[in-house]
Amino acid sequence: MTEAADALALHCMMGRGRSWDDIAGRLGQRFTAPDLPGHGAVPWLEGTDYLEACIAHAEAHWGAERHLAGHSFGAVVCLHLAARHPGRVDRLTLIEPVLFRAAQDASAIAENGTLFQDILGHVTAGRLDAAAHAFYQVWGEGQWDALPAHVQASMAQAMPMIVAQDRALAGPHAADVLADVHAPVLLIEGTDSPAIIASIQATLSATFGGAPRARVPGAGHMVAVTHPDEVARAMAGHPGS
């Protein structure tokens, strides 16, 4: 019988499962880290519910792991898994979860809404390169112009998936999942992330009884990729580690 991995770990949009390798290695653990639909060789049928597709895909890869870890959209999927299967989860690590409906800072909500409308307008008009540029400048790491042309092209083709994700996250029932999550939660974020992240984390911390927030100085939204040492240290101190 194959030994169970230590965590089921879900990556961010336009990430890959292997992006967890550095953190798992620093922890001396094994992670089950599948590519989500629309990433790598995993298909996603445009026009279908992207969140539900990711939940179903994660469930199909989930074995005996009792620790769920997620980055960005992957963290939102982890919240849904924990809510639907409470008896299977001992702890949650949520790195920069993009549960936009949980934000309460009006300025941050407006800023994020403007970005989404800009991206939606570009996608609707077929300007996928412009949509990807707008998205990356806020949610990516580094400068758009420094990316290789093939990476820019791949991100551009993923923009309809980003629109589908954002529509799911902004829906009226997107935050209802929180009431059904009962496992201990660790929140991790970068100090230089978009303002809406801090607002989301504040709501989650309060909702989960003062759940700890580990802030990584100088890190942005891609903190799980750019600062694996700091993230691994925070995770190592999580109750149940």
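Okay, let's start with one definition: a residue counts as buried under 20% relative accessible area, as exposed over 50%, and as partly exposed in between. Keep that in your head, and keep in mind too that what you see here is a predicted model.

So, the whole thing before the details. The protein has ten helices and six strands. Its C-alpha trace spans about 50 × 40 × 35 Å along the principal axes. Is that what you'd get from a compact globule? Let me put it properly: what radius of gyration would a compact globule of 241 residues have? Near 18 Å, and the protein has 17 Å, so the two agree.

Now the inside and the outside. Of the 241 residues, 52% count as buried. The protein exposes about 10600 Å², and carbon and sulfur atoms supply 51% of that. And if you take the contacts with a separation of 6 or more, 70% of them are between residues 24 or more positions apart.

Right, on to charges. Side chains of opposite charge can pair when their charged atoms come close. How many salt bridges are there in this protein? The count comes to five, and I'll walk you through some of them.

Glu52 and Arg84 meet through their side chains, with 2.7 Å from N to O. This pair links distant parts of the chain: Glu52 sits in helix 2, Arg84 in helix 3, and they are 32 residues apart. Buried or exposed? Go back to that definition. Arg84 has a relative accessible area of 39%, so Arg84 is partly exposed. Glu52 is at 34%, so Glu52 counts as partly exposed as well.

Next pair: Asp90 and Arg66, in a salt bridge at 2.9 Å, N to O. Here both partners come from loops: Asp90 from the loop between helix 3 and strand 4, Arg66 from the loop between helix 2 and strand 3, with their positions 24 residues apart in the chain. Asp90 has 42% relative accessibility, so Asp90 is partly exposed; Arg66, with 36%, is partly exposed too.

Then there's Arg213 with Glu189, where the closest N and O atoms are 2.9 Å apart. That one joins strand 6, which holds Arg213, to strand 5, which holds Glu189, and the two residues are 24 apart. Look at the accessibility here: Arg213 is partly exposed at 23%, but Glu189 is buried at 3%.

Okay, my last residue is Glu96. Find the loop between strand 4 and helix 4, and Glu96 is in there. Which side chain of opposite charge is nearest to Glu96? Arg213, the one we just met, but 8.8 Å away. A salt bridge needs the nitrogen within 4 Å of the carboxyl oxygen, so a distance like that doesn't qualify. Glu96, then, is buried yet has no salt bridge.

What does the side chain of Glu96 reach instead? For one, the backbone nitrogen of Gly190, at 2.7 Å. For another, the side chain of His221, in a polar contact at 2.8 Å. And setting aside neighbours within four places in sequence, Glu96 is in contact with quite a list, including His71, Ser72, Ile188, Ser193, Gln201 and Val223. Glu189 is on that list too, and Glu189 is the salt-bridge partner of Arg213.

So if you want somewhere to start clicking, try Glu96 with Gly190 and His221. That's me done, thanks!

Notes: Residues are numbered from 1 along each chain as its sequence is written. This is a predicted model: local features need pLDDT of at least 70, side-chain atom pairs count only at pLDDT 80 or more; totals for chains, interfaces and linings use all residues. Side-chain values use heavy atoms; hydrogens and water are left out. Helices (H or I, at least four residues) and strands (E, at least two) are DSSP runs, numbered from the N terminus. Buried means under 20% relative accessible area, exposed over 50%, partly exposed in between (1.4 Å probe, protein chains only). Lys and Arg count as positive and Asp and Glu as negative; His and the chain ends are not counted. A polar contact is a pair of N or O atoms within 3.5 Å; within protein, one must be able to donate a hydrogen and the other to accept it, and residues adjacent in sequence count only if both atoms are side-chain atoms. Contact means heavy atoms within 4.5 Å. The radius of gyration is taken over C-alpha atoms; the globule rule is 2.2 Å times the number of residues to the power 0.38. Accessible areas come from the Shrake-Rupley method with a 1.4 Å probe; for residues, only the protein chains shown count as cover.
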